Amino acid sequence: MATTTDDLPARHSLGKSMKRKEDPRFIRGKGRYLDDIVLPHMLYLALVHSPYPHARIKSIDKSKALALPGVKAVITGEDLDAAKLEWLPTFHGYDKQMVLAFGKALYQYQEVAGVVATSREIASDGAELVEVEYEPLDPLVTPFQAREDKIILRDDRESKTNHIYHWEVGDKAKAEGELDGSAVRIKERILSPRCHPAPLEPCGVLADMNKATGRLTVYMTSQAPHVHRTAFSLVTGIPEDKIHVISPDVGGGFGNKVPVYPGYVVATVASVIIGVPVKWVESRTENLTTTGFARDYHMDVEIGATKEGKVTALKVSTVADHGAFDAAADPRKYPAGMFGIVTGSYDFPTAFAEVDAYFTNKAPGGIAYRCSFRVTEASFAIERGMDILARKLDMDPVELRRRNFIKKEQFPYPSPLGFVYDSGDYEATTQKALDIIGYDELRKEQAEKRKSGELMGIGVSTFTEIVGAGPGKHFDILGIKMFDSAEIRIHPTGSGIVRAGTRHQGQGHETTWAQIVAEELGLDPQELLVEEGDTDTAPYGLGTYASRSTPVAGGALALAARRIREKGKKIAAHLLEASENDVEWKDYKFNLKGVPGKSVTMKEVAFAAYTNPPPDSEPGLEATYYYDPPNLTFPNGSYIAVVDVDRETGAVIVRRFLAVDDCGVVINPMIVEGQIHGGLTEGFAMAFMQEIAFDESGNNLNTNFTEYLVPTALETPHWETANTVTPSPHHPIGAKGVGESPNVGSPQAFVNAVMDALAPLGITHIDMPLTREKVWRAIRDAEAKVS
Amino acid sequence: MNLNTIREIKRPRSSDEIRHWQDGYAWLAGGTWLFSEPQIHTHTLIDLETLGWRAIASGPGGIEFAATCKIAELYAFHPPAEWKAGQLIGECCRAFLSSFKIWNEATIGGNIVMSLPAGPMISLTVALEGTYTLLPRDGEAREVRAADFVTGNHANVLERGELLRSIHIPGTALAKSFAFRRSELTHLGRSSVLLIGTRGEPVGGLLLTITAATVKPIQLTFDGIPTAAQLCNAIDAAIPESIYLDDVHGSPAHRRHLTYHYAEQIRQELGA
């Protein structure tokens, strides 16, 4: 039975809403972000961008820029090509990516040249003086245009097609056969539109090549510093020991700071050539137009069911727009990420999913925005599909879900698409949500309002997420297994330093990592310093994204701490003058079995480790653990949105929104609640406000915050939250991760609510974002049909 | 943004010091737009700050705003309670595509002379029957009705080098009842439709001002409160479909629909 955080037994440090240790420096303005770092003799890089989405580059004239006082260098794709640095490997290795446009520009705002100068302003002025002659070419704006192969985008590839890959999972013939034989069947094309995570701090780098030591120090806005160090080594040929990557405080990432961007490479090349530090910090427009976007999946969702509402089969066929390069940071074996989670929380007897990806004249990317490798798209597809099926069956959408939930006794649950779900109690989580929101009363209210023509909607999302990549046997980046790591050193006085291969960007690791270690060792979390982001000191890790930090690094931390406890037990036995077998760890200290009151604390053990270690034992008290999880974790939740739609304007008011999450064991409820608030706000933005749209000529229409909308406190609804706890059976502390759940689970709750409100008008589906204009148009068109 | 074409910044004590207007000159008020994008043809900025114009002067006949009055100063100004429509000042300040930090620099005049469809200072001053005083470079000051100033999207009646000096809002307009309707994608975002109705009490006519939805302000005057049909007919006659704005904030069709919808709401509210 799922329980709540409040029901759990009291613990030493876990489950406590400890204030964030990192916040005092942030709220005092003492955070140290990339652009705060200024080095002697530092130069600045500005990039020249293509105004065309598709154009042949006929010539680049640097002369005027080089003549500008203060300009030190102008770098083009030709220069990089001569140095064999023109192409970057993409993370999964299926494609390569231009650093600077060379021969052709493949998307609007693509980087064409870099200007290095003594000030940011001069670099910017110099960039304007670089004269590029373009021959505009017809663009490919949609993947549907691209798949016709009338225009071939990538001259550099042997394969003369815009088709990147076909990926499939499941039994196609069986799924199609079951669909054909189903009493009830729905099919809907559902778009998860291109959007952008837009972190408040944009991306940037400060590369510092020290020619005296031969060492390259790279300060960068990185969610994965070690991976970036390896990538830099692979691209430049500089041995990895000569590269030091430091990720200072990072102002939001959401996946946007995982890829390697051209600005990073050009700044590094400039520093290597010139021998002084070179900084590049992108503008908001550069961030929105050139860095890792999210989504852009066109999904045909088909579900079959019996008349009684028991699902029989699922088939999802997706056309994916990957932009000009296949640079999504998906694992090698999973070009479509974890889209196989598309069966969601439901017990489908059979299922099939396929994805065909295409090149278009848009910026590359695809998996950013708080999404565990296409899980947001998958979750949106199944939760919308289930709602559409419920409508067709004339069944309450909650009832349909309940009839098809994977039962708690079915866990570990092997899904028809290959994943083995670890744990969950969907019925309990959903019942809790229904009770809190007062679902039955809301339905009664809705029925009354419908009599007078008012448009009130209730939307449900009972989603299952999949996070925590590894395990290494399935997931990799650049071939590196997706484990993570922790190193703990306990000082003689019982305080300590904790280092991990992750890099937080607001998640609160400095607090939660300390809580995990403190829980395992009975120490004060306030006296455990957490460090991340420095490749010279932290153990190798794969970084923080895809909600993987707690499932992977969190496990490493607990297991490293348990190694310390093992050694501590020997020291405790020495101090207690007893056999190690007679010592047990209980109530957060070492106790002599059967002798009440005879115990030593970890602090006492730590002091002894340096001052009085057991004979023939190694002094000191530290441990390292590289954790490769045996499985992924499967957080889940039941979300309910209540909306009112203004029939005249199309405006949607989110009256209530409840999120009941089950992310396993909660380390810090306050931080988890904050994570949920942030993710729900992003989900709200996706549902109602955000899309990176292009016109017919391939021009990006959302290049700044006037046109790409970010919700403020004024737009954001009030969030209600609650939780249930079904621990992950394979995770060392039972945690599952939560950062992405609200983003993954909420968009469909909003959309389902609006569609529920519009149901009396016969409206089945509207693609996100549900702007008031789109809603108004749907209402107008529906009313026109009736009249 | 760094304006890398600027070679000189003039700081005159009087606008008369700038007699001979040249290509490449630009008046600098708050600069919030001027510094937001490249101004490749501009080489000289003439800073209005040094003219020292009094921001706000209020008397029984109305209010005189200097063109250089900051939005923050305007927002902090509270007209007498009997000037009921004075509350539109706050409404229109909040309709800015800007944060309170921008309010500290942006000016009323800057917003008006930009002459963008969603300029809330245009909405405010047109709805309150304002008059603008313009200073040509080589002639006498002239006055223009606010309703006649904007001629299109980013276009107005200003002659070459002509300067907006001040805005007069008559007390008679400020004393009217008002109704305000606005549609926007985000609260602090650009307006897609902004309608203001005013009505003199007790039995005055309805004055309906339509902005943001259209490329230029449209003002409709009624002797009394029109019927719904009369209102629709008047809008039909005054606004051809071609002048409804089309951008990412809304299509002409939606803007047109909302214009009628809000106009009817205003009619009912002020007619009640």
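## S549 of chain A

Is S549(A) buried or exposed? In this predicted model, S549(A) has 5% relative accessibility. Since buried means under 20% relative accessible area, S549(A) counts as buried.

To find S549(A) on screen, go to helix α15 of chain A, which covers residues 549-576. Leaving aside residues up to four places away in sequence, S549(A) touches T502(A), H509(A) and W513(A). The other contacts on that list are G543(A), T544(A) and G554(A). For a distance to check yourself, try A500(A), which sits 49 residues from S549(A) along the chain. The C-alpha atoms of that pair are separated by 9.5 Å.

## How far to trust the model

Start with the scores for the whole model: ipTM is 0.92 and pTM is 0.96. For chain B, the mean pLDDT is 95, and 100% of the residues in chain B reach 70 or more. As a rule of reading, predicted coordinates should not be read in detail where pLDDT is low.

## Chain A overall

Chain A has 787 residues, and its secondary structure comes to 20 helices and 34 strands. The radius of gyration of chain A is 27 Å, close to the 28 Å from the globule rule, so chain A is as compact as a globular protein of that length. Taken along the principal axes, the C-alpha atoms of chain A fill a box of roughly 90 × 75 × 50 Å.

Buried residues account for 64% of chain A. If you take the contacts in chain A between residues at least 6 apart in sequence, 80% of them join residues at least 24 apart. On the outside, chain A has an accessible surface of about 27,300 Å², and carbon and sulfur atoms own 51% of that. As for charge, chain A carries 85 positive and 107 negative charges, and the mean positions of the two sets are 2 Å apart.

## An exposed lysine

For a contrast with S549(A), look at K84(A). Where does K84(A) sit in chain A? K84(A) is in the loop between α3 (77-82) and β4 (87-89). The relative accessible area of K84(A) is 72%, and exposed means over 50%, so K84(A) is exposed.

One more distance to try: K84(A) and S283(A) are 199 residues apart along the chain, and their C-alpha atoms are separated by 28 Å.

## Backbone oddities in chain A

Which residues does a cis peptide bond join? One such bond links A469(A) and G470(A), with omega at about 5°. G470(A) belongs to the loop between β22 (455-464) and β23 (476-477). Another cis bond runs from M768(A) to P769(A), where omega is near -5°. P769(A) is also a loop residue, placed between α19 (747-758) and α20 (772-786).

Then there is the pair R295(A) and D296(A). Phi of R295(A) is near 70°, a positive value in a residue other than glycine. Phi of D296(A) is likewise near 70° and positive in a non-glycine residue. R295(A) lies in the loop between β15 (293-294) and β16 (297-305), and D296(A) lies in the loop between β15 and β16 too. How accessible is each one? R295(A) is buried, with a relative accessible area of 1%, and D296(A) is buried as well, at 5%.

## Chain B overall

Chain B has 272 residues, arranged with nine helices and 14 strands. What radius of gyration would a compact globule with 272 residues have? The expected value is near 19 Å, and chain B has 19 Å, which agrees. The C-alpha atoms of chain B fill a box of roughly 55 × 40 × 35 Å along the principal axes.

In chain B, 57% of the residues are buried. Of the contacts in chain B with a separation of 6 or more, 60% are between residues 24 or more positions apart. The accessible surface of chain B comes to about 11,800 Å², with 51% of it belonging to carbon and sulfur atoms. Chain B has 24 positive and 28 negative side chains, and the centres of those two sets lie 3 Å apart.

Conventions
Residues are numbered from 1 along each chain as its sequence is written. Chains are lettered from A and ligands numbered from 1 in the order in which they are written. Side-chain values use heavy atoms; hydrogens and water are left out. Helices (H or I, at least four residues) and strands (E, at least two) are DSSP runs, numbered from the N terminus. The radius of gyration is taken over C-alpha atoms; the globule rule is 2.2 Å times the number of residues to the power 0.38. Buried means under 20% relative accessible area, exposed over 50%, partly exposed in between (1.4 Å probe, protein chains only). Contact means heavy atoms within 4.5 Å. Accessible areas come from the Shrake-Rupley method with a 1.4 Å probe; for residues, only the protein chains shown count as cover. Lys and Arg count as positive and Asp and Glu as negative; His and the chain ends are not counted. The place of a charge is taken as NZ of Lys, CZ of Arg, CG of Asp or CD of Glu. pLDDT is the predictor's confidence in each residue, from 0 to 100.
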